[in-house]
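This report is meant for someone meeting the structure for the first time, and it takes up the two domains and then the ligand site.

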Amino acid sequence: MKYWKKYSKEKLIARIDEALASTIDFQNSKHLGYPVSKLDENVFNTSGAFLKDSPLLKSFISNPNNIGCHTLGKSEPAFKGSQELEKEVIKVLAVDIFKAKENEYDGYIATGGTEANIQALWIYRNLYKKEFNATLDEMVILSSIDTHYSVNKGSNLLSVDNVQIPVDFNTRELITEELDQIVSNLIANGKKYFMVISNMATTMFGSVDNPDVYAEILTKHKVPFKIHVDGAFGGFIYPISNRKSTINFENPNLSSITIDAHKMLQAPYGTGVFLCRKNLIENVLTKEAQYVDGMDLTIVGSRSGANAIAVWMILFSYGYYGWFEKINTLLLRTEWFCNQLDDLGIEYYRNEFMNIVTLKSAYVPEDLAKKFGVVPQTHEGDNHWYKVIMMDHVEIDDLLKFINELKVS
Ligand SMILES: *Cc1c(COP(=O)(O)O)cnc(C)c1O
């Protein structure tokens, strides 16, 4: 890990203070034309000794705006400090976790995985329009049936059809022959340009699609394609637990990645991350965004610089090894849980690198599922699965209670 280090608390606070000092001082500022200010001190408690050791609260009070994308071009000078910290976050994720080459990536902290996924689709739609003069009905989105519904939102907003590929009921793997057949049919029906959302851990199963399967089939059919990896859930686990993972920027088939910091990283909501290779994000330049100094290449406009600081704090409080240990604790709990299920003869799905276990619903009485807050695959109609996620707060003692009740049910 070149950039992902662990910093002392003093260093973290000093860096954040430095960043906030370079954010415009609204008290004494000459920025008469900015529709921004710090939090309203008539309403919020914005001063006091408690702030000394609370860099995140101080950041919220300063209220920097990280509008725009800061990995290229110019940016608003008024919020330089929090943008610099955001750039460090993006660098750690792109270079250290997802193996991008130095300065060969762009990215920003989006409102969440939903925005980051839609950002990718928006980029590829515009790219196909620009490069091939493609019409909307010549393009199509492919993803598995286990894909997050944000992709359906993107399809609807962008007016590009979305086609879902079946997966095997037990392994949750893409059914290659079906994918091949579907692509053939789509081409026969006039589709020419493909965008793929490949899951790096689905929300319900923690299953991971092999993006090379999409790449092979689309290459065989000789159609242009772009692959986006949805790592909203798995982005902070899978590349760390599976050191042989090829789902990263060393894989030439992949162009962009979503990673949510507000799931596994326990950051405040509003911290999804979008990453892509260079020379892609310009496809969504909004030329009319003239009042913003620098380019606005993002779906969201104004966004919280404090959120960027929060993600920075988490990454550099743990450092790579601290995070590695935390993930391994969760995976140990997952192993323990799976062993118990094996002993009970309960069938389940689990990806060995992930902290989600999805139980076949036949083994879980509905009242137990409700009592323990395990989540059904669907709230309507036939539900086949319930999932348990080993998060920080889900300890073996909690799992044990569930196991004990499963035993007697
Ligand atoms: C949660 C999730 C999303 C959506 O993320 P939000 O941050 O809720 O917008 C997208 N994809 C996957 C796989 C997810 O788990």
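## Where the two domains meet

In this predicted model, domain 1 and domain 2 bury about 2200 Å² between them, and carbon and sulfur atoms account for 69% of that area. On the side of domain 1, the residues that lose the most area to domain 2 are Met204, Phe205 and Ile240, which together make up 29% of what that side buries.

The contact can also be described by residues, since 26 residues of domain 1 are in contact with 25 residues of domain 2. Domain 1 covers residues 80-301 and domain 2 covers residues 320-408, and their C-alpha centres lie 28 Å apart.

## The shell around the ligand

The ligand is surrounded by 14 residues, of which Thr114, Asp230, Asp260, His262 and Lys263 are the closest. By character, the residues of this shell divide into eight polar, three charged and three nonpolar. Helix 4, which spans residues 113-132, gives the most to the shell, contributing three residues.

## Polar contacts and burial of the ligand

Several side chains place a polar atom beside an oxygen atom of the ligand. For Thr114, a polar side-chain atom lies 2.6 Å from a ligand oxygen atom, and for Asp260 the distance from an N or O atom of the side chain to an oxygen atom of the ligand is also 2.6 Å. In the case of Lys263, an N or O atom of the side chain is 2.7 Å from an oxygen atom of the ligand. Taken alone, the ligand exposes 380 Å², and the protein buries 86% of that area.

Key:
Residues are numbered from 1 along each chain as its sequence is written. This is a predicted model: local features need pLDDT of at least 70, side-chain atom pairs count only at pLDDT 80 or more; totals for chains, interfaces and linings use all residues. Side-chain values use heavy atoms; hydrogens and water are left out. A residue is near a molecule or strand if one of its heavy atoms lies within 4 Å of it. A polar contact is a pair of N or O atoms within 3.5 Å; within protein, one must be able to donate a hydrogen and the other to accept it, and residues adjacent in sequence count only if both atoms are side-chain atoms. Accessible areas come from the Shrake-Rupley method with a 1.4 Å probe; for residues, only the protein chains shown count as cover. Helices (H or I, at least four residues) and strands (E, at least two) are DSSP runs, numbered from the N terminus. Ala, Val, Leu, Ile, Met, Phe, Trp, Tyr, Cys and Pro count as nonpolar, Asp, Glu, Lys and Arg as charged, and the others, Gly among them, as polar. Domain bounds come from an automatic or database domain assignment. Contact means heavy atoms within 4.5 Å. Buried area is the accessible area (1.4 Å probe) that two parts lose on being put together, summed over both.
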